[in-house]
Amino acid sequence: MVTEEQRRRLEQKRNSLEQLYKLQSEKVERIREALITETDPSRKFQYEKQIQEEECMLKQYDDKLSEIENKLQPAPLPTKSDPKKIQQKILILAAIPQPHNLRLDKEMREIRAAIERATRRDFFEIDARTAVRSQDIRRAIAEVHPQIVHFCGHGMEDGSLVLEDDAGNHKPVSPEGLAALFKLYAESVNCVLLNACYSEKPAKAISQYINYTIGMNQPIQDQAAIVFAQGFYDGLGYNNLDNKDIFQRAFDEGIVAIQMENIAHGQIPVLKKKLG
C-alpha cells in the first residue's frame, strides 16, 4: 500500500522522468535526421552507433516509468456487495517502434485514472507492459490471464499491428496471427481493444473467438484515441443501473467522449461481437 507521501514522491519522480524521456526522444530524432542526410560512411556509422546508445537510455527511462506506474496502481479495495463478482484484470500492451512518436504514456495514465475514479474500481486490476514484441504479448497473456486486453500503438493499412523485434525495429503481426493467439485464450479473455489505426480487420478476425473486440476502421489521431480510451474505461467503471451490456455501454461512452470533444473521429471506433 502506497502512502500519500510515497505517492507524492513517486508522482514527482514520474514527472521528472517524463521530461527526460521527452528530451531523449527528441535527441534520438535529431540524430536520425542527421543520419538521413549524412553521406560520409564513417560519420553514418558513428550516428548509427550513437542512436543505439541513446535508444538504450530511452528504454531505461521507459522501464523506470513503467515501474513507477505499477507502484502507483491502487490496491484492490475489499467489497461486500456481491461475492460472486469476479475481479477484471486489464492487460495494457504498448508498442512504440521508431519513428512513431505516439502519446502512449498519456493513454496509459488516462486508463489508470479512469479506473481509479470509477465507482466499481475495486473490480479492476491493471497490468501494463511497454515496448512489447510478439513473444511478449503471448507470454503476458499467459502470465496475467486478463479478461480485458488493451493494445495501444501503430497499425498498418493491411490490418497488421506494428510491434518491435529484439533490435527495436518494426515487426508487423498479421490479423490472422493475432486471431490465432486469442483463440487460445477464448475462455478467459472477454474483450480486446485495439486502439491503433486500421485495426478493424484484426478486430474482426479476433471476434471469431472473443466476445467483444474493438478496432479502428481508419487512421485515428493520438488525442482521439486517448479520449476514446478515457470514455471507454469511464463507462466500464460505472454502476450498470439499467442492466445494459457493460461492454456495449463502455463502447458507447467512448464514442460520446469523442463527440463531446468535437473531434471528427466519432465514426472510427467499431465494436465487433462474437457470433453465436
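Here is a walk through the fold, from the sheet to the cavity and then to a few single residues.

Keep in mind that the model is predicted. The protein chain runs to 276 residues, and 46% of them count as buried. DSSP-wise, you'll find 8 helices and 9 strands in the protein chain. If you like contact statistics, take the contacts with a separation of 6 or more: 69% of those in the protein chain come from residues 24 or more positions apart.

Let's start with the sheet. It is open, built from 6 strands in the order 2-1-3-7-8-9, and the pairing is mixed. Walk across it and you begin and end on strands that pair on one side only: strand 2 (124-129) and strand 9 (269-273) are the edges. From one strand to its neighbour the turn is 15° on average, with direction ignored.

Now zoom in on the strand 2 side. Strand 1, residues 88-94, runs parallel to strand 2, and 6 bridges join the two. To get your bearings in the viewer, look for Ile92, which stands opposite Ala128 in strand 2. Helix 4 (residues 134-144) packs on the sheet right here, touching both strand 1 and strand 2. The direction of helix 4 makes about 165° with that of strand 1. Another helix to pick out is helix 8, residues 246-260, which also packs on the sheet. Helix 8 touches strand 3 (148-152), strand 7 (191-195), strand 8 (212-216) and strand 9, and its direction makes about 170° with that of strand 9.

Next, the empty space. Rolling a probe the size of a water molecule over the atoms is what shows where such space is left. How many cavities of 30 Å³ or more turn up? The count comes to 1, and the volume of the largest cavity is about 70 Å³. Its lining is made up of Leu93, Ile137, Val149, Phe151, Leu161, Leu163, Leu178, Phe182, Val192 and Leu194. Sort that lining by class and you get 10 nonpolar residues, with no polar and no charged ones. As for where the lining comes from, at least two residues each are supplied by strand 3, strand 5 (161-164), helix 5 (175-183) and strand 7.

Strand 5 is worth a second look, since Val162 is found there. Is Val162 buried or exposed? Its relative accessible area is 2%, so Val162 is buried, given that the cut-off is under 20%. Along the chain, Val162 and Arg133 are 29 residues apart, yet their C-alpha atoms are separated by 9.2 Å.

Finally, a couple of backbone angles for anyone who checks Ramachandran plots. Which loop holds His145? His145 lies between helix 4 and strand 3, and its phi is near 55°, a positive value in a residue other than glycine. With 46% relative accessibility, His145 counts as partly exposed. Tyr198 tells a similar backbone story: its phi is near 55° too, again positive in a residue other than glycine. You'll find Tyr198 in the loop between strand 7 and helix 6 (200-206). The relative accessible area of Tyr198 is 25%, so it is partly exposed.

Key: Residues are numbered from 1 along each chain as its sequence is written. This is a predicted model: local features need pLDDT of at least 70, side-chain atom pairs count only at pLDDT 80 or more; totals for chains, interfaces and linings use all residues. Side-chain values use heavy atoms; hydrogens and water are left out. Two strands pair if DSSP finds at least two bridges between them. Helices (H or I, at least four residues) and strands (E, at least two) are DSSP runs, numbered from the N terminus. Axes are lines fitted to C-alpha atoms, for helices over the stretch in contact, and angles run from 0 to 180 degrees between N-to-C directions. Contact means heavy atoms within 4.5 Å. On a 1 Å grid over the protein atoms alone, a cavity is a set of points where a 1.4 Å probe fits but cannot get out, and a pocket is an open set with protein on both sides within 12 Å along at least five of seven lines; lining residues have an atom within 4 Å of a point. Grid points are joined across faces, edges and corners, and a volume is the space filled by probe spheres set on the points. Ala, Val, Leu, Ile, Met, Phe, Trp, Tyr, Cys and Pro count as nonpolar, Asp, Glu, Lys and Arg as charged, and the others, Gly among them, as polar. Buried means under 20% relative accessible area, exposed over 50%, partly exposed in between (1.4 Å probe, protein chains only).
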